[in-house]
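Let's take a walk through this protein model together, one piece at a time. Keep the picture open while you read, and look up each residue as it comes along.

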Amino acid sequence: MFQALADPSRRGMVERLSRGPASVSELARPLAMSLPAVVQHLQVLEASGLVRSEKIGRVRTCRIEPAALRSAERWIADRRGTWERRLDRLGEYLAEQADQPKRGRKP
């Protein structure tokens, strides 16, 4: 999923889809690439589970997959909590060290 979001064009497509469903043509409009290239990017997003699409007639409509985004959000939140605790402990340790007299140094 994160590999799929590593590309700025795909992030732009996900951003657009977060506002509602869109056809492939609509997603391609602001991008400086061919329609087949846009389709390849969408295939990566679909394979990651972030986007799903359906074809009705000649129009392929894409939608964001909220469950996939929630999963990524939970993963990031778990990591954030771990790192915040580690940084808090480091801050406490550094504060303790600053309060201790310096050893081996002459004033």
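Start with Ser23, whose bridge partner in strand E3 is Thr61. Right beside that pair, Ala22 stands opposite Cys62 in E3. Together they belong to the pairing of strand E1 (residues 22–23) with E3, which is antiparallel and runs over two bridges. Keep in mind that this is a predicted model, and that the values here are computed from it.

What holds strands like these side by side? Strands of a sheet pair through backbone hydrogen bonds, and they can do so in a parallel or an antiparallel way.

E3 has another partner, too: E2 pairs with E3, again in the antiparallel sense, over six bridges. One spot to look for is Lys55, which stands opposite Arg60 in E3. E2 and E3 make a hairpin with two residues between them. Find Gly57 in that turn, and you have a residue with a positive phi of about 65°.

Now put the strands together. You get an open sheet of three strands in the order E1-E3-E2, with antiparallel pairing. E1 and E2 stand at the edges with a single partner strand each, so one side of each has no neighbour in the sheet.

Next up, the charged pairs. Side chains of opposite charge can pair when their charged atoms come close. How many salt bridges does the structure hold? There are two. In one of them, Glu65 joins Arg52, and their closest N and O atoms are 2.8 Å apart. Glu65 sits in the loop between strand E3 (59–64) and H5, while Arg52 is in strand E2 (residues 51–56), so this pair ties together parts that are 13 residues apart in sequence. Both ends are partly exposed: Glu65 has a relative accessibility of 24%, and Arg52 has 45%.

The other salt bridge links the side chains of Glu15 and Arg19, at 3.9 Å from N to O. Here Glu15 is partly exposed, with a relative accessible area of 47%, whereas Arg19 counts as exposed at 60%.

On to helix H4 (residues 35–48). Its 14 residues reach 20 Å from the first C-alpha to the last, close to the 20 Å expected at 1.5 Å a residue. Which residues of H4 are buried? They are Val38, His41, Leu42, Leu45 and Ser48. These residues cover an arc of only 115° around the axis, which puts them on the same side of H4. Turn to the face pointing away from that buried side and you'll meet the exposed residues Pro36, Gln40 and Ala47.

Finally, look at helix H5 (residues 66–99), where you'll find Leu87. Is Leu87 buried or exposed? It is exposed, because its relative accessible area is 54% and anything over 50% counts as exposed. Leu87 also has company: with Trp83, Leu90, Tyr93 and Leu94 it forms a nonpolar patch on the surface, and together they have about 560 Å² of accessible area.

Follow the chain into the segment after H5 and you reach Pro101. Pro101 is exposed as well, at 67% relative accessibility. To get a feel for distances, compare Pro101 with Ile76: they are 25 residues apart along the chain, and their C-alpha atoms are separated by 40 Å.

Technical notes:
Residues numbered from 1 in each chain as written. Predicted model: local features only at pLDDT ≥ 70, side-chain atom pairs only at ≥ 80, totals over all residues. Heavy atoms only, no water. Patch = residues over 30% accessible without salt bridge, like charges linked within 9 Å, V, L, I, M, F, W, Y side chains within 5 Å. Areas by Shrake-Rupley, 256 points an atom, 1.4 Å probe, with all protein chains shown as cover. Salt bridge = Lys/Arg side-chain N within 4 Å of Asp/Glu carboxyl O. Helix = DSSP H or I, 4+ residues; strand = E, 2+ residues; numbered from the N terminus. Buried < 20%, exposed > 50% of the residue type's maximum accessible area, 1.4 Å probe, protein only. Pairing = 2+ DSSP bridges. Expected span 1.5 Å × (residues − 1). Arc of directions from axis to C-beta.
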